[in-house]
Amino acid sequence: MDSPPLPLLSFPQPQQPPPPTSSELSRQGLDPSLLQAELVPSSLSPSLSDPDANYGLNERLQRRLEALGVDNLFAVQAALWPWLLTGPEARRGLYEPRRAPRDVCVSAPTGSGKTLAYAVPIVEILSVRVVTRLRSLVILPTRDLVQQVKETFEALCKGTGLKVGSATGAQSWAKEQKALVEDLETKLQGGSSNIDILVCTPGRLIDHLDDTPNFSLQHLRFLVIDEADRLLSQSFQSFLPRLLTALTPTPHPVPPSSDLLIPDALSPAWLDLPHEFGWAPMLPSCQKLLFSATMTRDPGVLKSLGLRNPKYFIVTAAPEGERDEAIIREEFSVPDTLSEYLLVVPTDLKPLYLFHLLHTHPITNALVFTKSTESTTRLLKLFEFFESARLSVSTSVSASAQDGGSPQILARAFSSELGKGERKSILDQFKQGRIRVLVASDLVSRGIDIPDVSHVVNYDSPLDMRKYVHRAGRTARAGREGEVWSLVESQEARWVREMLKAAGHWRRVKRVKWEEGVLDPFRGFYAVALERLREVYSKE
Ligand SMILES: Nc1ncnc2c1ncn2[C@@H]1O[C@H](COP(=O)(O)OP(=O)(O)OP(=O)(O)O)[C@@H](O)[C@H]1O
């Protein structure tokens with residue numbers, strides 16, 4: 001007798017410690033500015049063309065935004081643009097060393113328009129500059145995000161003369177250096193720069209700080225740390241001390257023998273004039289802007305950035321009565337337009353549940369998240385075998401949509417093992433709807449803006465709430481509807497429930513039960529696919 005097909009192997013999920021509680025945070029010295037945070041209702045959506053509103057935008061930028069399809073501001077933009085550009089705290093000058101700007105920390109849900117929230121004020125303020133200097137630095141965790149944000153800046157900068165560059169290591173070192181700095185030979189006072197705005201990954205930034213002659217941060221007016229919680233996490237944090245040193249004015253006068261760059265008159269705080277005139281010391285005008293959908297409240301981490309009197313904005317749907325809760329607790333808010341479902345599944349049938357979901361739900365396109373590249377490859381292979389078994393039957397006998405008569409679903413893997421060009425081509429095909437299912441590890445879970453993802457599926461459970469929010473945030477972006485489905489194996493159901501409960505999120509999630517019978521039309525194809533997968537793996 002044939003032995004039953006082997007289920008896919010499943011390993012227990014590693015667990016992370018829970019986030020600190022509010023009392024732990026206050027004992028550790030919770031930043032008092034956090035308690036003064038401004039809560040911004042996520043429903044805020046004023047019109048861009050409202051004649052009574054003053055967002056501080058010049059005519060040209062306003063027209064540009066309209067051309068890019070912005071009719072209404074999203075909440076985070078409605079809070080930030082006036083604060084940075086017109087309010088009492090606004091600093092519109094390029095350098096204001098005697099009225100140094102406050103730093104800003106923003107926590108707002110995924111897909112809520114954080115990129116324009118910082119890019120627009122930066123372009124507005126820098127557009128008055130006369131000579132090109134590196135005045136704005138945007139740091140992001142991955143190359144794909146750098147490319148995406150660079151494109152947003154380029155669209156906004158059209159017609160301003162501002163130049164945007166990127167540094168990720170995607171180009172050769174020499175080419176990248178040449179793109180950033182005019183002169184690599186002579187030590188120039190004030191350094192040199194070909195660009196006004198640099199979007200980069202942290203590792204590549206440090207490489208340029210260390211090894212690109214004349215590359216200097218002395219003229220920075222803005223430092224943006226996007227996906228801040230990720231960049232401030234342990235695995236990334238090592239770039240911070242080097243970055244902060246590069247932002248600190250050098251001793252004046254710079255000894256001739258030193259490697260340090262001699263500042264020029266464009267970076268006043270670096271010239272250290274105050275002693276000569278007996279004035280109060282000048283402060284660097286670099287304003288740090290931190291953004292995340294899951295902003296850390298960890299005082300130690302925030303302190304390590306040396307923020308200047310930071311102003312916090314928290315975009316939330318929480319009612320005013322839950323203010324403290326929203327401020328103190330790490331907010332894991334998701335867009336209001338996101339519907340969340342949870343399905344507890346037996347481990348051996350998890351792939352079959354996924355295939356059933358893909359075939360029987362109105363899925364335009366879906367991102368399916370797995371825990372690793374290995375898992376992505378196996379799942380994709382199994383799905384391809386499943387599709388071919390299904391289609392071979394449906395072409396030979398007439399089959400209904402219920403038992404597999406629906407057209408083939410084209411799926412592809414999206415993983416870090418693919419080259420840059422291949423990743424771009426796959427993403428483009430996914431955006432155009434030619435590929436309907438993208439199976440991915442957490443590489444794309446952050447920040448990537450694919451406008452119309454109808455479904456996100458947590459095939460393997462996310463490790464923590466942060467990952468859950470970022471994965472889910474690939475759908476329901478910019479006010480659109482979207483669904484996230486979590487397929488949770490029976491043995492991890494309790495853990496997932498606790499994670500969602502601890503984040504105050506459990507009540508949003510609809511628990512769904514399917515009768516096992518609904519899977520029957522697909523079982524035969526699934527058995528064939530498993531058998532073929534077993535054959536492939538036994539040969540390797
Ligand atoms: N005011 C607006 N009107 C219309 N579309 C907007 C507006 N602001 C932003 N968008 C669009 O919304 C989408 C999501 O924006 P963005 O990528 O900045 O989100 P985000 O908050 O950074 O998300 P994540 O946390 O996932 O990175 C983008 O396609 C962007 O062009």
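## Two domains, a shared ligand shell and a shared core

Let us start inside the protein: apart from its neighbours within four places in sequence, Val457 is in contact with Leu354, Leu357, Ala366, Val368, Phe369, Trp485 and Leu487. Two residues are in contact here if their C-beta atoms, placed from the backbone, lie within 7 Å. This is a predicted model, in which local features need pLDDT of at least 70 and side-chain atom pairs count only at pLDDT 80 or more, while totals for chains, interfaces and linings use all residues. Residues are numbered from 1 along each chain as its sequence is written.

Val457 also belongs to the largest nonpolar core, where Val76, Val106, Val199 and Val457 touch the most other members among 125 residues. Such a core is a set of buried Ala, Val, Leu, Ile, Met, Phe, Trp, Tyr and Cys residues joined through C-beta atoms within 7 Å. Buried residues have 20 or more other C-beta atoms within 10 Å of their own, with C-beta atoms placed from the backbone. Helix H5 gives the most to this core, with nine residues. Because domain 1 and domain 2 both give residues to this core, it lies between them.

The domain assignment, automatic or from a database, gives domain 1 (40-248 + 285-323) and domain 2 (338-395 + 403-539). Their centres, taken over C-alpha atoms, are 34 Å apart. Where they meet, 15 residues of domain 1 are in contact with 13 residues of domain 2. On the domain 1 side, helix H6 (143-157) and helix H9 (228-231) are the elements that give two or more residues, and H6 gives the most, with four.

The ligand has a shell of 21 residues, the closest being Thr110, Gly113, Lys114, Thr115 and Ala478; a residue counts as near if its C-beta atom, placed from the backbone, lies within 6 Å of the molecule. Helix H5 (residues 114-126) supplies the largest share of this shell, three residues. Both domains give residues to the shell, so the ligand shell lies between them.

Here are the two sets by class, with Ala, Val, Leu, Ile, Met, Phe, Trp, Tyr, Cys and Pro as nonpolar, Asp, Glu, Lys and Arg as charged, and the others, Gly among them, as polar.

| Set | Nonpolar | Polar | Charged |
|---|---|---|---|
| Shell around the ligand | eight residues | ten residues | three residues |
| Side of domain 1 that touches domain 2 | five residues | five residues | five residues |

Overall, the chain has 20 helices and 15 strands, which are DSSP runs numbered from the N terminus (helices H or I, at least four residues; strands E, at least two). Of its 540 residues, 42% count as buried.

Key. A residue is buried if 20 or more other C-beta atoms lie within 10 Å of its own, exposed if 12 or fewer, and partly exposed in between; C-beta atoms are placed from the backbone.
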